[in-house]
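Open the structure in your viewer and keep the selection panel at hand. The stops below say what to pick and what to look for.

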Amino acid sequence: MASTGLPIGGGSTEPGSTATGLRLLEGVGRQTDYWATLWRRTWRGVVASSFLTPFLYVLAMGVLLGGFVDAGAATLEGASSYLAFVAPGLIAAHAMQTAVAETTYPVMGMIKWQRTYEGMLATPLEPRHVVGAHLSSVVLHLAATCAVYGLVMVPFGVYQSWWGPFAAFASQVLVGVAFATWVYGLSTRLHSEQAFGLIFRLGVFPLFLFSGAFFPVANLGEVGAWLARLTPLWHGVNLSRMFALDNVTWWVAAVNTAVLVALIVSGWFWSVSGLAKRMER
Amino acid sequence: MTDSMIRARGLRKTFDKGASPFEAVRGIDLDVRKGEAFGFLGPNGAGKSSTMRMIAAVSPVSGGELRILGMDPAADGPAIRARLGVCPQEDNLDIELSVFDNLYIYGRYFGLPRDVVRERARELLDFVQLAEKATAKVDELSGGMKRRLSIARSLVNRPELLLLDEPTTGLDPQARHLLWDQLFRLKQAGVTLVLTTHYMDEAEQLCDRLVVMDKGVIVAEGAPHDLIREHSTREVTELRFGVGEHAALAEKVTDLGERVEALPDRLLVYSADGEEVLAKVHERGLEPLASLVRRSTLEDVFLHLTGRTLVD
């Protein structure tokens with residue numbers, strides 16, 4: 001075969017080719033060059049928009065709107081100003097929006113329009129590897145966005161302890177990942193992008209407004225407050241705010257974290273099963 | 001090591017479409033051996049692509065038995081796919097990446113070391129004559145170039161078995177011939193080729209052996225020239241009359257050949273000597289608007305076996 005001079009044939013066993021079922025990390029690792037190539041082109045835009053969005057939000061909501069809010073720590077869940085109250089919640093809500101944006105159209109595109117996944121799954125890679133690599137890229141995006149957003153908040157005196165920003169950052173990424181896994185799984189089950197409009201209008205937007213990012217959920221009345229506390233975003237908002245303000249009720253923080261982790265674990269299986277079912281035809 | 005690349009017995013594929021499941025492949029037997037160029041010929045909807053997806057170990061088998069490279073796709077999918085090359089019907093190249101990166105990144109999915117895959121990408125771009133386009137975006141390539149890049153990509157893991165689903169559909173004649181040349185060279189180099197096509201000339205050019213599929217079953221199997229000899233005559237006389245006249249005129253020429261087929265746009269008279277048939281047609285005072293004498297092809301085999309043309 002080699003005598004033909006063609007770069008083909010041979011039937012040699014490639015590294016990993018005898019392994020039935022690559023380990024998760026190995027399969028994800030094989031896609032790092034792909035995602036790194038995409039990142040090299042987009043990271044500047046991600047970072048730039050991550051600076052701009054918080055500036056606009058903090059200016060509009062924290063400074064201009066907050067200037068009219070005459071409330072103290074007792075009514076603002078321990079925050080000394082409306083700006084300090086709203087900022088940690090805004091970052092958590094922004095993480096949700098970023099996660100949803102990254103797991104709707106891009107996922108459908110890779111299934112249906114560019115059919116990137118079809119090419120990936122014709123190799124030894126399996127759906128769990130493909131989902132793992134895509135979600136890892138979303139986590140990176142969330143981390144970059146939340147880190148920049150959080151840094152922008154530092155000069156505004158939002159944080160009350162040295163460790164608060166780090167813990168708040170972790171909780172913001174956590175809530176973002178919870179949304180990413182569930183929306184990813186949903187996107188693998190949708191056949192038309194029309195449904196994304198509904199997700200944004202009936203899911204993301206009401207959550208954004210009523211999950212405690214802009215006002216204490218206690219303002220919603222007893223029933224309303226409990227309904228708000230059932231939403232995934234509230235757990236992220238609450239956790240982010242408690243850490244930022246150094247006003248942590250630990251058992252509540254444990255519940256918030258457990259809920260988000262449970263959502264991530266279940267969302268992972270929902271995503272992998274969704275992609276596997278969708279691609280097997 | 002076994003020489004059997006593909007072995008199927010009673011292979012089935014069923015799709016659940018609500019209350020009425022659709023059976024795309026209805027129990028087929030296949031044996032493809034190492035080094036063979038094997039084809040699935042049939043019209044759209046015959047079950048070729050469904051069969052190819054099962055062979056590619058991406059679509060679960062609904063029934064029967066399938067072994068690829070001696071392995072069970074249900075249990076050994078990743079190990080099978082590591083040794084296959086797949087060129088899908090519609091290109092799924094990454095349009096956001098350069099030509100070179102498409103090969104490089106795909107090679108990485110197989111776990112190939114970076115320096116190895118870089119070297120292979122360069123060799124493959126030479127092979128498919130796209131070396132000067134290495135840094136171009138995929139969007140800038142013509143349809144034929146994209147197909148060649150798809151084929152190059154499917155070769156990046158040096159597969160033992162190359163699956164090509166409708167490799168030249170939608171290409172202009174020049175691009176088709178260039179692609180055929182490259183596939184022929186792969187075949188000569190010993191790569192086992194399995195392709196689907198609804199072009200009879202493609203099947204005749206490339207395949208050592210083929211199966212004719214229709215409605216999910218195999219209706220004939222053999223080497224192209226054997227199939228023609230078995231299911232058709234040596235020559236065919238095509239007669240084109242006015243629109244709507246063909247069915248009525250068929251009766252007037254039915255005794256001139258072994259068989260006559262009346263299509264909406266022409267009459268086909270099957271015989272050993274086409275010119276003689278044409279002379280007799282003129283003797284009978286029939287004046288076709290156009291006529292043609294040619295050798296029988298796989299299209300005629302298909303028409304004879306199914307009563308339909310390949311491209312409906």
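The tour of this predicted model begins with chain A, goes through the nonpolar cores and ends in chain B.

**Stop 1: the annotated stretch of chain A**

Select residues 39-241 of chain A. An unreviewed UniProt entry lists this range as "domain: ABC-2 type transporter transmembrane". Colour it by secondary structure. The range is 75% helix and 0% strand. Now pick the C-alpha atoms at its two ends; they are 30 Å apart.

**Stop 2: the largest nonpolar core**

Which residues have the most contacts inside the largest nonpolar core? Select A:Met96, A:Ala99, B:Leu163 and B:Leu193. The core they belong to has 150 residues. Next, highlight helix α3 of chain A, residues 82-103. This helix gives the core 14 residues, the largest share.

Zoom in on A:Ala99. Leaving aside residues up to four places away in sequence, A:Ala99 touches A:Val138 and A:Leu142. Its other contacts are A:Gly176, A:Val177, A:Phe179, A:Ala180 and A:Val183.

**Stop 3: the second core**

Move to B:Leu239, B:Val260, B:Val269 and B:Val281. These residues are among the 11 of a second core, separate from the largest one.

**Stop 4: chain B as a whole**

Show chain B alone. Its C-alpha trace spans about 75 × 45 × 40 Å along the principal axes. Count the elements: there are 11 helices and 13 strands. Of the 312 residues in chain B, 49% are buried. Take the contacts in chain B with a separation of 6 or more: 68% of them link residues 24 or more positions apart.

Colour the two domains of chain B separately. Domain 1 covers 4-222, and domain 2 covers 233-295. How far apart do the C-alpha centres of these domains lie? The distance is 39 Å.

**Stop 5: a three-stranded sheet**

Stay in chain B and select β1, β2 and β4. They form an open sheet in the order β2-β1-β4, with antiparallel pairing. Why is one side of β2 and of β4 left without a neighbour in the sheet? β2 (22-33) and β4 (63-68) stand at the edges and each has a single partner strand, so one side of each has no neighbour there. Look at the twist as well: neighbouring strands are turned by 20° against each other on average, direction ignored.

Finish on strand β1 of chain B, residues 4-15. Nine bridges join β1 to β2 of chain B, and the two run antiparallel. Pick B:Arg7 last; opposite it in β2 of chain B stands B:Asp31.

Definitions and conventions: Residues are numbered from 1 along each chain as its sequence is written. Chains are lettered from A and ligands numbered from 1 in the order in which they are written. This is a predicted model: local features need pLDDT of at least 70, side-chain atom pairs count only at pLDDT 80 or more; totals for chains, interfaces and linings use all residues. UniProt positions are given in the numbering used here, feature names are shortened, and annotations may be inferred rather than shown by experiment. Helices (H or I, at least four residues) and strands (E, at least two) are DSSP runs, numbered from the N terminus. A nonpolar core is a set of buried Ala, Val, Leu, Ile, Met, Phe, Trp, Tyr and Cys residues joined through C-beta atoms within 7 Å. A residue is buried if 20 or more other C-beta atoms lie within 10 Å of its own, exposed if 12 or fewer, and partly exposed in between; C-beta atoms are placed from the backbone. Two residues are in contact if their C-beta atoms, placed from the backbone, lie within 7 Å. Domain bounds come from an automatic or database domain assignment. Two strands pair if DSSP finds at least two bridges between them. Axes are lines fitted to C-alpha atoms, for helices over the stretch in contact, and angles run from 0 to 180 degrees between N-to-C directions.
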